[in-house]
Structures are given as structure tokens and as C-alpha cells.
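Got your viewer open? Let's take a walk through this protein together, one selection at a time.

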Amino acid sequence: MTQSAALNVGLQDFLSWAEQERGTALPARTADAVLTLLALRGADRRAGVPEPTPQLLKQVLHDDAPVLLAAIQTELDALPDVLTALVDRVRAAGRLNAKRRARLLDAVDDLVPGARSAAASPWKLTWPRWYASLLRADGVDADDPDAVRSWLAAHDALPHADRPELPAPLHRADVTARTFAVRAWLTERLLAAFARDVEAPSPAGPLLPVTPALSADRPEDALTEELERIAATLVDRWSAAGLSEALAGPFAQLAPGPETMPHMALADRLLDEHLDYYGDSGVPLPPPQALPDPDEILGLLHAAPLPATLATGAADDEELRPLAEQCGFPGPADVVWESGTPEEALELAANVLALEADRIPAASAGPEAADEGYDLDAVHVLYALYERGGTPDSVARKASDMADWRVDPDLEDAPVDVPDTAAAYTAPYVTPAAADLSATLGIPGLTEDDRAELDAHARALAVVVDRLAETGCVFRTGDVYGLTSFGSAVLRYVLTAAHVAAPDLQTALSWNAEDTVRAAQAWPIAVAAAELGQWAEAHGGEPAWSQLLGALSAARGADLPHVATPAVFARLDRAEIPATALRAALADPVIGGYARRSLLARGEDAPEDAVPENARAVLLLEDLDRAWLADRRAQVTAGAGEGEPETPPRALLDAFDTAAATWPGGSAGLLRALAAAGAASALRVLTDLADRHPDPRVVSAAAHEAKSAETPARKRKRAR
């Protein structure tokens with residue numbers, strides 16, 4: 001290709017035609033971007049310009065231009081004029097009839113508002129667009145490469161704290177990832193255009209300039225180099241002159257690439273952990289109870305052993321020197337170490353943590369344990385601590401997972417008190433005595449033989465914990481380990497970089513009752529109980545507990561997915577919800593039965609007739625559903641053996657008959673009440689009763705009620 005990167009899109013002829021025929025001087029940069037991007041998307045060019053279609057316009061206006069064109073307001077305002085003129089130019093060339101023209105103009109009207117929104121979205125930001133917007137705001141001529149370079153030099157000399165911040169909620173890694181993806185996409189589109197020019201040339205001529213690359217000694221390398229040069233030129237033309245070369249050269253530290261952000265690999269692995277736990281990145285993690293103030297972050301980084309070594313003494317250490325270099329020592333990280341902003345300090349700490357976590361072997365009790373396929377790597381250890389709200393855990397209790405021991409469910413996620421002893425994390429780990437293990441794990445009667453069985457697992461995990469402690473993010477005191485406040489801040493930084501919902505405490509306390517109920521139901525019970533108590537206190541005390549119960553009732557009454565009433569009540573009970581709030585909820589037609597059960601568990605009087613029949617049915621349905629599950633497990637277990645069990649499982653049938661004996665209206669009344677309870681589980685309970693109950697009257701009534709309990713989606717599926 002020649003040194004010109006102009007693509008054959010008819011730009012100058014189009015601009016001249018618009019001025020002569022319409023009396024409109026269109027902004028050249030906006031027109032250039034629209035025409036070029038349409039052509040790169042494969043638009044037909046037989047009209048002398050790329051011919052738009054509604055689908056191509058949507059891709060260019062909503063996806064491509066917002067990440068490549070650093071448009072100022074006047075250029076954005078002129079977008080409808082550019083598009084309308086383009087449609088009329090294609091019409092004048094005889095390539096568009098009146099009906100298609102009208103359809104395209106309607107598409108322009110529909111798409112332009114979305115184009116404006118996309119251009120303003122922080123998620124579309126790239127480094128060239130960011131710096132182009134800053135230098136234009138400072139009055140710099142973006143078409144003067146010398147002026148652009150001078151501005152970059154002045155910006156680079158600014159103290160980091162004085163530089164404009166990226167728009168919230170962006171991380172630098174977000175902009176880096178977007179920049180890398182956009183550049184790769186643009187190069188791929190240019191390669192596809194080159195292939196079309198060779199294999200299916202347009203009557204309008206080749207889109208790309210003629211290239212001698214294929215006659216070079218290494219044609220593939222030469223072609224790639226030429227395409228990358230054209231991509232850089234296009235980016236500069238749509239942002240600021242000379243920007244690509246400057247950001248790839250002397251000012252590379254202003255636009256860091258993916259290779260300078262090792263914490264993004266940790267972000268991906270933490271996202272995987274979160275999806276394993278919750279299945280959705282938008283399901284929030286519990287907020288850490290303690291985060292350091294922003295002005296404390298840099299000092300905490302300095303106090304961390306491994307970062308301090310990398311910053312000041314890694315040059316002579318053969319093992320640590322590669323780690324230091326990956327973190328930017330010596331180099332850009334030196335400035336961050338000395339005077340970085342809190343976010344920059346967190347990013348540096350996250351890079352150190354990511355690289356060290358990757359170097360730590362997973363904890364196992366040796367080859368035999370590894371063969372069993374279960375061990376604990378450093379990333380899982382970190383995520384599991386954060387998922388506990390940063391509360392301390394027991395090494396032995398966590399190691400019991402590797403030994404496949406069954407810990408008391410009430411203790412599994414319970415916070416562990418940090419002992420007063422000042423034992424440093426570097427002290428050799430000692431597995432607690434058998435009696436202490438019994439108390440920690442909730443397993444009575446553990447012996448020294450049991451302790452010996454757990455010992456190898458616990459010591460292996462302690463090695464992982466102690467290596468993580470070198471980063472300043474984790475501590476260990478005896479058998480107790482956890483995240484430091486600094487570690488909570490670093491992990492939250494990485495999790496949000498992975499777009500995992502990781503609110504701080506202030507944000508969680510600002511939620512409404514419904515969002516609080518939805519989030520807390522999946523958190524560890526002790527952590528959720530603490531947060532529910534804090535939320536209630538922040539929202540007015542006792543009335544706030546009633547708000548939580550009301551939100552739960554509304555969600556359960558609407559049969560919303562992902563709202564587990566028993567799980568929420570377990571956490572409300574642990575939070576010691578006031579009895580007055582529970583008594584007020586007895587009359588609730590949905591959760592009144594749960595409120596009564598909580599009161600009875602406290603030894604308080606709560607008459608059954610105070611609870612509406614529907615609320616009693618909602619609670620009973622939970623019991624019947626557990627019986628249904630028990631029957632299913634029995635059937636599966638029998639199916640895995642040799643033949644059917646002698647006696648078919650009857651947990652559901654017996655539970656139903658027992659309840660029906662005292663229910664108003666007997667079996668028929670109970671079946672109607674279960675169908676009216678509205679939970680998704682009602683359908684499977686009713687269907688199973690219709691299939692298996694020995695009483696034909698129950699079978700007939702259950703089948704009838706099952707139809708009314710079907711969800712609309714299931715009814716539509718059955719109708720098909």
C-alpha cells in the first residue's frame with residue numbers, strides 16, 4: 001500500500017456533491033468515519049459511495065463509530081445531515097427507489113438517538129478517544145501532530161493526582177481492553193476488505209490502495225504491517241493526528257496495554273469463581289465490613305512485604321526480578337509507588353497479588369490427594385474469603401473440605417474470632433488439638449488420629465495462606481486467617497474490574513428492601529444476618545424489619561424466581577428480627593406461616609388461627625416439596641442399585657395425607673390451597689400426587705389443580 005491510507009469511499013466527491021446539491025458543508029471527519037466504516041462492513045460501493053442499509057447503519061452508528069470517532073458536539077449534531085445526504089446521494093445515483101429511501105430515512109431517525117447515547121457511554125471509551133477529548137477540551141488543534149505531542153508531554157509531566165479521572169465506573173483495564181479489541185477489530189476488517197478486493201473486486205475499484213506487500217520476501221508479515229499502519233492512520237484521523245504512534249512509543253505509559261495489567265487474569269479467574277458460586281456476575285457479593293480510607297492505600301501498599309521487596313530490592317534477586325519487571329519495576333510502577341493515586345496503588349497491588357497467586361502451587365495433601373481431584377488454589381482461597389464478607393476463617397475448617405469431612409452447617413460459614421496472641425503469620429502452622437478441632441468443626445469426639453488425618457491438608461493450605469500474606473492482602477494468626485482491610489480493597493478492585501457486583505457497605509445500606517432481601521438470601525448466614533441488622537438500623541430500626549418482611553412477601557407472592565423464602569427467614573432469624581415485626585406479619589397471606597414458625601422456635605405463643613389459610617399452605621408446600629425431593633432421591637438411589645426398591649418411597653404421600661387429615665375441606669381443600677399458593681414447586685407436588693396417590697379422588701383433584709398451577713410458559717409449551 002502507498003503511504004496514503006485513504007480508502008476508496010468517494011469522500012471528496014460526496015462532500016462536494018452535498019455542498020453543490022444541498023448547500024450543506026458536512027464535517028469531513030464525521031463523513032469520513034461513516035463512509036469508511038460502512039465500506040469496511042461490506043457495503044456495496046457501486047453508487048460511488050458505500051450504500052447504507054438499516055442493518056449496516058445500526059452496526060456503524062451503535063457499535064463502530066462510538067469506539068473510533070472522537071466526535072465533538074458539532075460533529076455529532078451534524079450526523080443526521082451526513083446520513084440524510086448519503087441516502088440522497090445513493091438515490092441520485094439511481095441505486096435507491098423512493099420506498100427504500102423512505103425506509104432508510106426512517107432508520108436514520110430511529111438510530112441517531114442511540115448513536116448519541118453510545119457516543120456518550122463510558123463503556124465505549126478507548127485511549128485515543130479519551131486523550132483526543134482531553135486535548136480538544138484544552139483547545140489543542142487535534143489535526144496538528146506537533147501540538148498533540150506537546151500536549152501529551154505536558155500531560156505526562158502532571159502529578160498523577162492532578163490528571164483528569166476516567167468517568168465512573170471505568171477502570172483503566174476497561175479502557176485498555178476496549179482499545180485492544182477495537183484495534184484488533186479494525187485490522188480484521190481491513191484484512192477482510194483486502195480479501196474482497198482480491199477475490200471479488202467491486203466495479204467501483206478496490207477499496208484499499210494497491211499494495212506491493214504480496215511481492216515482498218515475507219508477504220504475510222508485510223501485509224499485516226501495512227494493514228496495521230492503515231488502522232493507526234484511520235484511528236488518528238478520527239481522534240487526533242499522530243496519537244497512535246505517540247501512545248505506542250514515548251507516551252506508552254499513558255495508554256497501558258493488556259501486558260501491563262496482569263491483574264486482569266486474576267479478574268477472569270475470580271469471575272469464574274463467582275459464576276460457580278452464583279451463576280450470574282450481577283448477583284452481588286456481601287460488602288466487606290472494613291475498607292481502608294483512600295489516603296491510607298499507598299501506605300498499606302508500602303507496608304506489604306512482597307510489594308516493598310519488588311519496589312526496592314528485586315534487582316539482585318534472580319527469582320523476583322521477572323516478577324518485579326511484570327509489575328513495572330523499574331519503570332512506570334516507580335511513580336505509582338512514590339506518589340500514585342489510591343486507584344493506581346490498588347492496581348499495582350492487584351498486579352502483585354495476581355502474579356503471586358499464579359506462582360503459588362495449589363494446596364493438597366500430596367499426590368494421593370491431588371489424584372482425588374480436589375485441592376485449594378490461591379484464587380479460590382481469596383474468593384472464598386471475600387465471599388464471607390471478609391470475615392476470618394479457620395485453616396483447619398477450610399482444609400476439612402479437602403479431607404471430605406462434614407462440618408456442622410451452622411459453623412461452616414461462621415466467622416472465627418482472631419486470638420489475642422500476637423503470633424505472626426510467619427510462625428509455623430500447627431493444627432489445633434483434637435478437642436479444639438471438635439469445637440471449630442462442630443464434630444464431637446474427634447481424636448488425635450483424626451487430627452493426624454487432617455494435618456497434612458491443613459499445613460498445605462497454611463502454606464498457600466502464608467504466601468498470600470506476603471502480598472499484604474491476607475493474614476494468619478495461628479489457625480485463623482482472613483483478608484486484611486487492604487486485601488478486601490484490592491480484591492474488590494479486581495472483582496469490579498471483572499464486572500462482578502461487589503458493593504461497599506455504604507452502597508449495600510442504600511439498597512431498598514427488595515434488593516436487600518434478594519442479595520442477602522444467597523450470602524453466608526452469619527454475614528447476611530449482620531448486614532440485615534445494619535440495614536435495618538440504617539433505615540429506622542423496627543419499621544425497617546417490617547419493610548424487609550413486606551418485600552419478601554411481595555416477591556414470594558409474585559412467585560419471582562431466585563427468591564427463597566426459607567433462606568431469607570433463616571437469615572432474619574439469625575439477625576434476631578424483633579418479635580413485634582414477626583407478630584405483625586402473622587396476618588400476611590404469604591409469609592404468615594413462616595413468621596409463626598419463627599416465633600414458635602423462640603418459645604413464644606403464636607396461635608395457628610392468626611395465620612391466613614393461604615399462608616399456612618405456602619409453608620406446608622415447602623414441607624411437601626422437601627418430601628417430594630426425598631422421594632426423588634430414594635428413586636435415584638434405587639435406580640443406581642440392582643432393581644427397584646421393595647417399597648416405593650412414600651414421603652410425599654404420607655406427608656400429604658397427614659396434612660389433609662386436619663385441613664379444612666380435607667384433601668380437596670388442601671389441593672386447592674396448594675395450587676393457590678402459587679410457587680413453582682406446587683406443580684411438581686400436585687403432578688406427583690396425581691401420578692402416585694392410591695386414592696382416585698385425590699388423583700383426579702390433583703390432576704385438575706395441577707393444570708391451574710401451570711405457569712404461562714409451561715402452558716404455551718404444552719399447547720405446542
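We'll begin with the whole protein and then stop at a few spots along the chain.

**The whole view**

Before you click anything, keep in mind that this is a predicted model. Switch to the cartoon display and show everything: there are 37 helices and 3 strands to find. Along its principal axes, the C-alpha trace spans about 90 × 70 × 60 Å. Of the 720 residues, 49% are buried.

Now turn on the surface. Its accessible area comes to about 33200 Å², and carbon and sulfur atoms hold 52% of that. Next, colour by charge. You'll be looking at 63 positive and 109 negative charges, and the mean positions of the two sets sit 11 Å apart.

How much of the contact network links residues 24 or more positions apart? Counting contacts with a separation of 6 or more, such pairs account for 71%.

**Stop one: Thr391**

Hide the surface and select Thr391, in the loop between α19 (378-387) and β1 (393-394). Is Thr391 buried or exposed? Thr391 counts as buried because its relative accessibility is 14%, which is below the 20% cut-off. Show its side chain and follow it to the backbone oxygen of Arg388, a reach of 2.9 Å. Then light up Leu385, Pro415 and Val527: setting aside neighbours within four places in sequence, these are what Thr391 is in contact with.

**Stop two: Ser438**

Jump along to Ser438, which belongs to helix α22 (residues 434-441). Ser438 has a relative accessible area of 14%, so this residue is buried. Which residues does Ser438 contact, leaving aside neighbours within four places in sequence? Select Ile443, Pro444, Gly445 and Leu446, and you have them. Zoom in on Leu446: its backbone nitrogen lies 3.1 Å from a polar atom of the Ser438 side chain.

**Stop three: the hairpin**

Finally, select residues 474-477 and 480-483, which are strands β2 and β3. In which sense do β2 and β3 pair? They run antiparallel, with 4 bridges between them. Click Phe475 and look across to β3, where Gly482 stands opposite. Now move to the turn, where 2 residues sit between the strands. One to pick out in this hairpin is Gly478, which takes a positive phi near 65°.

While you're here, try showing side chains on a strand. In a regular strand, they alternate between the two faces of the sheet.

Technical notes
Residues are numbered from 1 along each chain as its sequence is written. This is a predicted model: local features need pLDDT of at least 70, side-chain atom pairs count only at pLDDT 80 or more; totals for chains, interfaces and linings use all residues. Side-chain values use heavy atoms; hydrogens and water are left out. Buried means under 20% relative accessible area, exposed over 50%, partly exposed in between (1.4 Å probe, protein chains only). Contact means heavy atoms within 4.5 Å. Accessible areas come from the Shrake-Rupley method with a 1.4 Å probe; for residues, only the protein chains shown count as cover. Lys and Arg count as positive and Asp and Glu as negative; His and the chain ends are not counted. The place of a charge is taken as NZ of Lys, CZ of Arg, CG of Asp or CD of Glu. A polar contact is a pair of N or O atoms within 3.5 Å; within protein, one must be able to donate a hydrogen and the other to accept it, and residues adjacent in sequence count only if both atoms are side-chain atoms. Two strands pair if DSSP finds at least two bridges between them.
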